[in-house]
Amino acid sequence: MARILYIEDESDIGSWLKNDLGERGHEVIWLQSGEGMEGYFSEADIAILDVMLPGLDGFSLGKRIKKVKNDMPVLMLSARTAVEDKLEGLSFADDYLTKPFQPDELAARIEVLLRRFQKNDQVLDLHHLQVHTKDLRIIDREADNEIQLTGKQYQLFQFFIRHLNQILTKEQLYEGVWGEQYMEGDKTLMVHIRYLREKLEKNPSRPEIIETIRGIGYRVKI
Amino acid sequence: MAIILVALFLFQAAYLLVAMLAMGLQEDISGEQNQNETDPKQIEEKWHADSKALKNSSRESISSLFAEWKRTYPAASMFWVDEMGNLMEQRDVKGNLPAQWTPAYTAKFIKERYGGDPFTVISFIGGDEKNGFIVLEIPRNLFLPPLVKAAEKYGIFLGAGLLLIITLFIIVSFLFFRGIRKRLLHLQEAMERRDMDSLPIGIDVQKNDEIGQLEKTFNEMVDELKESKQREQEEEQLRRELIANLSHDLRTPLTKINAHTYSIGKEDISPEGKQAVKALKTSIVNIDRLIENLMSYTLLMASKHKQELIELDEVRFVRENMASWYPVFEKEGFEVNIELEPLEKKWKADPMWLGRIFDNILQNVLRHAKDGLYLEVATLSSEEWDAIVFIDHGKGLKNSSNERGAGIGLSIVDMMVKGMNLEWDIESGDSGTVIKIIRKH
């Protein structure tokens, strides 16, 4: 599905993860140091970097990648868990996962990053809907027609798709889509969610696609 | 320095000046008359002697006697009364003398003048009462000690001089103390100034006097403080790195164990094998958390955990945190109930720390309250306080069968809550646990 540039000096961990991600359908280019990584920039969709490496450390490598190819998502995968390290990592990288980790979680994070950077066109099955992530075409499989969304509905749905499986709070949604500070009591978001549900859900009064998580926010889950 | 010397010696100098002035005046006055000429006894004797020496009581001889005395005592006055009681001659006498002297008047005159002022000497001419008498009058003040006379004569100048010196002294003192006060205030102000590290800033030393030296010493102290602060920061950095490296070095093999466990789990293994893999995975998660807690605990104990308090919308913070925790509880089959009401005031807290407090409390719920399968997170507020409340329906912390090391998680909660000037409260019983994070207004 995606080509992953993975830099890890521990051969046990490296070979295991290469296999695991390979089994999940990804193509993994595994290097044990940053030496020669530039040669793979053009073909890689995403980079996963350990921090403690021989020669240049993962932070330096990540910064270099971002400098050369800003649209390549970078995920730091490190046993360094101190807040200072995470902050340094997240100053340039797109995600930071600490070791030991669950491969499922890593795979999910890779998916999120790929979607965020729109690296691959995925076709998602959301109940009765089929969603093409790259151009956000929504097909109602049962009625066999395409659902058209208005500007704000489109942006809102896109925000959900980019943060698939994540619970999004009212504040996050409003600020992410409208780009303004959310004011407590503002009904704009609720109104737009209702319109969106009317277009997407089979039964808008019992929504299945856009879930309400009471007291927290909303979620689109596959 | 010079000003101190002036201040120190001004009084002495003033005394010296007054003394010298007085001495000079004394000499000046003493120079006018010799000692004999101011002794009343000697004058009296000399007057008697001169009077006795007069051969006759002719007008010429008496006049020349009077003239001679007048030269010696310009302030003196004299007169002559002849044997018949007639006032024959007078010189510079103040007041009116009778032309005719009766015995009664003479007696009254003598009585009046005895021991009085002016000093009066009455002497018979040629030593014989039949020749009449001559009288010498000298103002008493002529006999006063020279200093008193000087005081009388130059008193106003002396007074003015003294006043001038005192005024001068006050002015010099005022200038001196004002100068010192100004510099001391400046020094105090400089000592109170702080730079970015909340350390005092060095002073620009301009003079090399005592205050200048004080300023220099202060600067040296500031330098020492800076050095020690830098050393402390370096040690802090070293300590953090050490702990971070240690944690990294522990996690790397743990990641390997995790990887291998995962690989084994995917093999076709017996149910016992699967059970073992599950146990291994749980242990890995626990060790991971323990390493994390141990690291935080060590840093907290040494007060080396970074803290940055900011104004925080607590409800928003809770909602976002619960958004990331919700799926975990959902997966475990918990009923999650979130009841958030907007709080009036913002909290002052470090989001990292507060996030850590959340993680530790919720991890505890996950491990200790699985029986209850219920989690409620709510905000409560009253006039005096706001609180975030975590309620579970587990069997309580005391009845927990899990590892004892879990206590460290709540110890961190305790330290972090107190470190942010918040309070917390925990009630744990057989039917559940209620934890409140409280912020008093």
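How many residues of chain B are in contact with chain A, and with how many residues of chain A?

## Contact between the chains

In this predicted model, 28 residues of chain B are in contact with 23 residues of chain A. On the side of chain B that touches chain A, at least two residues each come from α6 (210–266), α7 (271–301), α8 and β6 of chain B, and α6(B) gives the most, with 13 residues. By character, the residues on that side of chain B divide into twelve nonpolar, ten charged and six polar.

## The five-stranded sheet of chain B

Chain B also holds an open sheet of five strands, arranged in the order β6-β8-β9-β11-β10 with mixed pairing. Its edges are formed by β6 (335–339) and β10 (423–429) of chain B, each of which pairs on one side only; β6 of chain B is also among the elements that supply residues to the side touching chain A. Direction ignored, neighbouring strands of the sheet are turned by 10 degrees against each other on average.

At the β10 edge, β10(B) runs antiparallel to β11 (residues 432–440) of chain B, and seven bridges join the two strands. Within this pair, I426(B) stands opposite I435(B) in β11(B).

## Helices on the sheet

Helix α8 (residues 314–332) of chain B packs on the sheet, where it touches β6, β8 (374–381) and β9 (385–392) of chain B, and its direction makes about 175 degrees with that of β8(B). Helix α9 (residues 351–368) of chain B lies across β8, β9 and β11 of chain B, and runs at about 30 degrees to β9(B).

Terms used
Residues are numbered from 1 along each chain as its sequence is written. Chains are lettered from A and ligands numbered from 1 in the order in which they are written. This is a predicted model: local features need pLDDT of at least 70, side-chain atom pairs count only at pLDDT 80 or more; totals for chains, interfaces and linings use all residues. Two strands pair if DSSP finds at least two bridges between them. Helices (H or I, at least four residues) and strands (E, at least two) are DSSP runs, numbered from the N terminus. Axes are lines fitted to C-alpha atoms, for helices over the stretch in contact, and angles run from 0 to 180 degrees between N-to-C directions. Two residues are in contact if their C-beta atoms, placed from the backbone, lie within 7 Å. Ala, Val, Leu, Ile, Met, Phe, Trp, Tyr, Cys and Pro count as nonpolar, Asp, Glu, Lys and Arg as charged, and the others, Gly among them, as polar.
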